[in-house]
Amino acid sequence: MRHPLFAAIRHVSAYVLLLSSITTRTRTQALSTGNVSSPSKSTNNNKGNNGKVERPRIPVLQYKDNWVCVNKPAGLTVHRSRGTSPRQFVLSTLLKRQLSRKVFPVHRLDHRTSGAILFSFDSETAGKLHGSLRSTKATKQYVALLRGDLDVELGATVTIDKPLKVGDI
């Protein structure tokens, strides 16, 4: 019998495809209307009616006893580091406040990447899930939104061996 923690890994695979579809539609709609915002740009200058900081709510995809899977929006850093401003929102801190529980990231997604991300509620579970994700049995799927023409057959596997560049980065 499989350990219940393996269910978390199956959920991540399923949600990555679902979220990429949702994110693509949402981003496309936002780009067409010119209504694009980024959670990282939301700092303490965004005050609500009562003068308190309005923190973005993180969509919870799956909540279990030992772990939670959430939808990380693009433009939000997973955890605070030296280069992170003290006024910048960070996913792990937002989630800790939202769930009123300490959270441990099992893996990370880059600042500009959106998608499903796992957090555990204790370090032991985080270690087990992290080890499972690193095993050869785990599969990860990445879906990219591309601009321009790609001359390949529909459904074909494409390997890009050049670094991707966005703006000056």
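## Confidence in the model

This is a predicted model, and the protein averages a pLDDT of 75, with 66% of the residues scoring at least 70. Over residues 13–38 the pLDDT is below 50, and this stretch has 25 contacts in the model beyond near neighbours in sequence. Residues 40–44 also stay under 50, with eight contacts beyond four places in sequence. Please keep those values in mind when you look at these two stretches.

## The sheet

Let's begin with the strands. Four of them form an open sheet in the order β1-β2-β4-β3, and the pairing is antiparallel. β1 and β3 stand at the edges with a single partner strand each, so one side of each is left without a neighbour in the sheet.

Going through the pairs, three bridges join β1 to β2, and these two strands form a hairpin with three residues between them. Six bridges join β2 to β4, while two bridges join β3, residues 104–105, to β4. Individual partners help to fix the register: V60 has V70 of β2 as its bridge partner, V70 is in turn partnered by I117 in β4, and P105 stands opposite F119 in β4.

How many of the six residues of β4 are buried? Six of the six are, so β4 is largely enclosed by the rest of the structure.

## Helix α2 and its buried side

Helix α2 covers residues 91–99, and L91, S92, L94, L95, Q98 and L99 are buried in it. These residues cover an arc of only 160° around the axis, which puts them on the same side of α2. What covers them includes three strands of the sheet: β1 (60–63), β2 (67–72) and β4 (115–120).

After the helix comes S100, whose phi is positive, near 55°. S100 also appears among the contacts of L95: leaving aside neighbours within four places in sequence, L95 is in contact with I58, V68, V70, S100, V103 and F119.

## Two nonpolar cores

In soluble globular proteins, nonpolar side chains tend to be buried together. Here the largest nonpolar core has 15 residues, and those with the most contacts inside it are I58, V68, V70, L95, I117 and F119. β2, α2 and β4 each supply at least two residues of this core, and α2 gives the most, with four residues. A second, separate core has seven residues, including C69, V106, L129 and L133.

Several names from the sheet come back in the larger core. V70 and I117, bridge partners across β2 and β4, are both among the residues with the most contacts inside this core. L95 of α2 touches V70 and F119, and F119 is the residue opposite P105 in the sheet.

## The loop between β1 and β2

Is D65 buried or exposed? D65 is found in the loop between β1 and β2, and at 68% relative accessibility it counts as exposed, the cut-off being over 50%. Not counting residues up to four places away in sequence, D65 touches R101 and F121. D65 and S120 are 55 residues apart in sequence, yet their C-alpha atoms are 9.0 Å apart in space.

## Salt bridges

The count comes to two salt bridges. In one, D110 pairs with R108, the closest N and O atoms being 2.8 Å apart. D110 counts as partly exposed at 43% relative accessibility, whereas R108 counts as exposed at 53%.

The other salt bridge joins K128 and E124, whose closest N and O atoms are 3.4 Å apart. Both residues lie in helix α3, residues 123–134, and they are four residues apart, about one turn of the helix. K128 is partly exposed, with a relative accessible area of 41%, and E124 counts as exposed at 54%.

Definitions and conventions
Residues are numbered from 1 along each chain as its sequence is written. This is a predicted model: local features need pLDDT of at least 70, side-chain atom pairs count only at pLDDT 80 or more; totals for chains, interfaces and linings use all residues. Side-chain values use heavy atoms; hydrogens and water are left out. Buried means under 20% relative accessible area, exposed over 50%, partly exposed in between (1.4 Å probe, protein chains only). The arc is that of the directions from the helix axis to the C-beta atoms. Contact means heavy atoms within 4.5 Å. A nonpolar core is a set of buried Ala, Val, Leu, Ile, Met, Phe, Trp, Tyr and Cys residues joined through side-chain atoms within 4.5 Å. Two strands pair if DSSP finds at least two bridges between them. pLDDT is the predictor's confidence in each residue, from 0 to 100. A salt bridge is a side-chain nitrogen of Lys or Arg within 4 Å of a carboxyl oxygen of Asp or Glu.
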